[in-house]
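Please open the model in a viewer and keep the selection tool at hand. The tour proceeds from one selection to the next and states what is found at each stop.

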Amino acid sequence: MAGVDGELYLGLDCSTQSLSAVVLESTGRRHHVVLERSLTFDAALPHYGTHHGVLPSSNPLVAHSSPVMWVEALDHLLAELAASGLDLRRLAAISGAAQQHGSVYLNDGAARGLDTLDPSRPLPPQIVPLLSRPTAPIWMDSSTRAECTAIETAVGGPERLAQRTGSRAFERFTGPQILKFASGEPAAYAATDRVHLVSSFLASVLTGRHAPIDPGDGSGMNLMDLAAAGWWQPALDATAPDLRARLPGLAPSSAIAGRLSPHWQFRHGLPAAKVAVWSGDNPCSLIALGLVREGRVGVSLGTSDTIFGPMREPRVDAGGTGHVFGSPTGEFMGITVFRNGSLARERVRDRYGLTWEGFSRALGASPPGNAGGLMLPWFEPEITPAVAVPGVRRRGLDEHDASANVRAVVEAQMLALALHSRWMGVTVDVLHVTGGAAANHAILQVMADVFGATVKRIEVSNAAALGAALRALHADRLDAGRPLSWDDTIDGLDAPPPASVHPAPTSHARYRDLLPAYAAFELAERG
Ligand code: XUL
């Protein structure tokens with residue numbers, strides 16, 4: 001067990017709807033979680049006017065958020081940690097996770113501005129003048145179809161782009177978003193000195209200087225040569241003028257970006273802790289779920305649902321909806337992303353006036369397979385499969401039957417996870433699951449039955465923040481010349497054994513039969 005004076009490691013996660021923190025205490029080879037905190041943007045910072053973390057927009061395809069809000073949230077959360085009673089003088093290193101793809105545009109005053117933040121003054125008015133674009137497009141934005149086509153055409157087609165960067169062009173990826181900004185607002189682009197991801201922006205705010213991007217998050221941009229982990233010039237040329245000079249450098253996930261700047265030390269009484277390079281939320285969740293060997297698969301049931309697993313070699317899904325990202329281990333990860341995750345479950349729950357307990361009871365009250373009734377829960381434009389015109393589609397399903405509709409949304413999501421992860425070519429025996437909806441046993445039972453695999457749920461409430469804390473520990477040990485292997489980093493975590501849910505053979509057989517019908521329905525409706 002850890003002693004009283006181990007080193008502390010802070011992992012942050014700036015997700016769509018909230019900012020979370022996990023603190024690990026480490027003594028020798030063992031480490032355990034000593035603190036978890038979370039702050040929801042809509043509730044804690046209502047003056048930004050976000051709804052589920054997104055700024056209002058009259059165009060359903062546009063989704064932006066506020067970089068200033070993220071910094072204010074960071075300030076609030078660090079104040080909470082400082083007041084928590086933990087002895088933060090023992091804080092050795094910090095790292096972070098962030099929603100992927102979102103971009104933050106800074107002007108040439110940022111390098112000096114970030115380095116000279118005044119701890120006696122509120123932060124928002126010090127951050128606003130550093131931005132060349134007041135808002136940040138985020139992963140829920142799907143307004144860049146034309147830009148995707150233009151980039152794919154310019155580099156020689158979607159297959160070539162996928163072979164080099166890990167993905168064909170996707171609306172939410174940073175490259176198409178930069179092209180839209182550079183062509184739509186050329187003066188503001190000209191005034192942009194640096195385009196950061198959410199992850200590298202927040203690392204820059206903590207260190208007081210421009211921080212690099214790691215390959216895990218860099219591979220979500222349609223700009224990075226996946227195998228070389230460097231910027232790919234043909235993609236830069238296809239995206240915007242002089243883009244290379246405007247991008248941060250790329251650095252391994254385990255690199256140290258700098259030290260916590262004097263601003264944060266004075267403001268919250270924190271030490272000059274190391275700040276390890278930040279990464280995307282999905283690469284960080286991969287680490288928290290212990291997925292460092294090919295063959296293991298994770299699912300995150302959050303605002304987006306994602307299914308992912310480590311890959312030794314980057315086998316790309318050239319024509320499809322999957323991506324290959326860098327993994328924090330230096331290898332690769334395959335991932336497929338569904339936009340209609342928790343928001344779709346919530347919409348069905350609210351439509352029938354249910355609580356989450358009522359939702360679970362309703363799920364149990366209808367039979368596996370739902371007597372053939374199917375739903376496509378595309379409340380918002382969908383990423384997988386690509387659906388630009390939102391709207392729920394039903395087949396053989398009575399809209400007024402609450403129980404059947406609850407089962408239909410969960411079954412559709414699980415069947416879609418199974419169908420669209422086949423490209424990874426992994427035989428799934430065990431699924432490691434995290435995210436808010438993982439607390440719902442009835443949902444996990446449907447997942448186990450659809451995949452015919454055991455489902456293991458990790459207990460920590462924020463896997464991405466935990467993964468970031470583990471990455472901070474790993475980076476600190478490497479930097480200190482006492483490297484820990486990834487296996488030791490993960491095995492050293494004292495955590496309650498995960499709860500397991502096993503598949504029921506008759507239900508699995510039912511879903512095996514249903515999958516082709518679901519696939520055909522999807523194909524017919526996606527347009
Ligand atoms: C990943 C993606 C989402 C965001 C959510 O490609 O778009 O999972 O990272 O935070």
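Begin with helix 21 and colour its buried residues: S507, H508, Y511, L514, L515, Y518, F521 and E522. The model is a predicted one. The recurrence of these positions along the helix may be read with a general rule in mind: an α-helix has 3.6 residues a turn, so residues three or four places apart point the same way.

Next, display what these buried residues pack against: strand 18 (374-378), strand 19 (391-395), helix 17 (402-419) and helix 18 (441-451).

**Along the axis of helix 21**

Select residues 505-525 and take the distance between the end C-alpha atoms, which is 30 Å. For the 21 residues of this helix, a rise of 1.5 Å a residue predicts a span of 30 Å, so the two values agree. Now centre the view on L514, where helix 21 bends by about 35 degrees. A proline, P516, follows within four residues of that point. L514 is also among the buried residues of the helix. Beyond the helix, stop at G527, which follows helix 21 and has a positive phi, near 80 degrees.

**A salt bridge from helix 21 to strand 19**

Show the side chains of E525 and R393, which meet in a salt bridge with an N to O distance of 3.6 Å. Because E525 lies in helix 21 and R393 in strand 19, the pair ties together parts that are 132 residues apart in sequence. How accessible are the partners, E525 and R393? E525 is partly exposed, at a relative accessible area of 29%, whereas R393 counts as buried at 17%.

**Other salt bridges**

Over the whole structure, a search finds 22 salt bridges. Select D87 and R90, a salt-bridged pair whose closest N and O atoms are 3.7 Å apart. D87 counts as partly exposed, with 26% relative accessibility. Extend the selection to E25 and R89, since E25, D87, R89 and R90 are linked in a network of salt bridges.

Then move to D193 and R194, another salt bridge, in which the closest N and O atoms lie 3.8 Å apart. Here D193 is partly exposed at 26%, while R194 is buried at 19%.

**The nonpolar cores**

As a general expectation, nonpolar side chains in soluble globular proteins tend to be buried together. In this model, the largest nonpolar core has 89 residues. Select L10, L12, W70, L74, I127, L202 and L206, the residues with the most contacts inside it. Then highlight helix 2 (residues 67-82), which supplies the largest share of this core, nine residues.

Within this core, centre on L12 and show its contacts beyond four places in sequence. They include L74, L77 and L206, as well as W278, A465 and A468.

For contrast, select L236, V297, V409 and L444, which are included in a second, separate core of 81 residues.

**The cysteines**

How many disulfides does the model contain? The count comes to zero. Select C14, which is in no disulfide: the nearest cysteine sulfur, that of C284, is 12 Å away. That distance may be set against the cut-off of 2.5 Å between sulfur atoms. C14 counts as buried, at 0% relative accessibility. Finish at C148, which is likewise buried, with a relative accessible area of 0%.

Key
Residues are numbered from 1 along each chain as its sequence is written. This is a predicted model: local features need pLDDT of at least 70, side-chain atom pairs count only at pLDDT 80 or more; totals for chains, interfaces and linings use all residues. Side-chain values use heavy atoms; hydrogens and water are left out. Buried means under 20% relative accessible area, exposed over 50%, partly exposed in between (1.4 Å probe, protein chains only). A nonpolar core is a set of buried Ala, Val, Leu, Ile, Met, Phe, Trp, Tyr and Cys residues joined through side-chain atoms within 4.5 Å. Helices (H or I, at least four residues) and strands (E, at least two) are DSSP runs, numbered from the N terminus. Contact means heavy atoms within 4.5 Å. The expected span of a helix is 1.5 Å times one less than its number of residues. The bend at a residue is the angle between axes fitted to the seven residues ending there and the seven starting there. A salt bridge is a side-chain nitrogen of Lys or Arg within 4 Å of a carboxyl oxygen of Asp or Glu.
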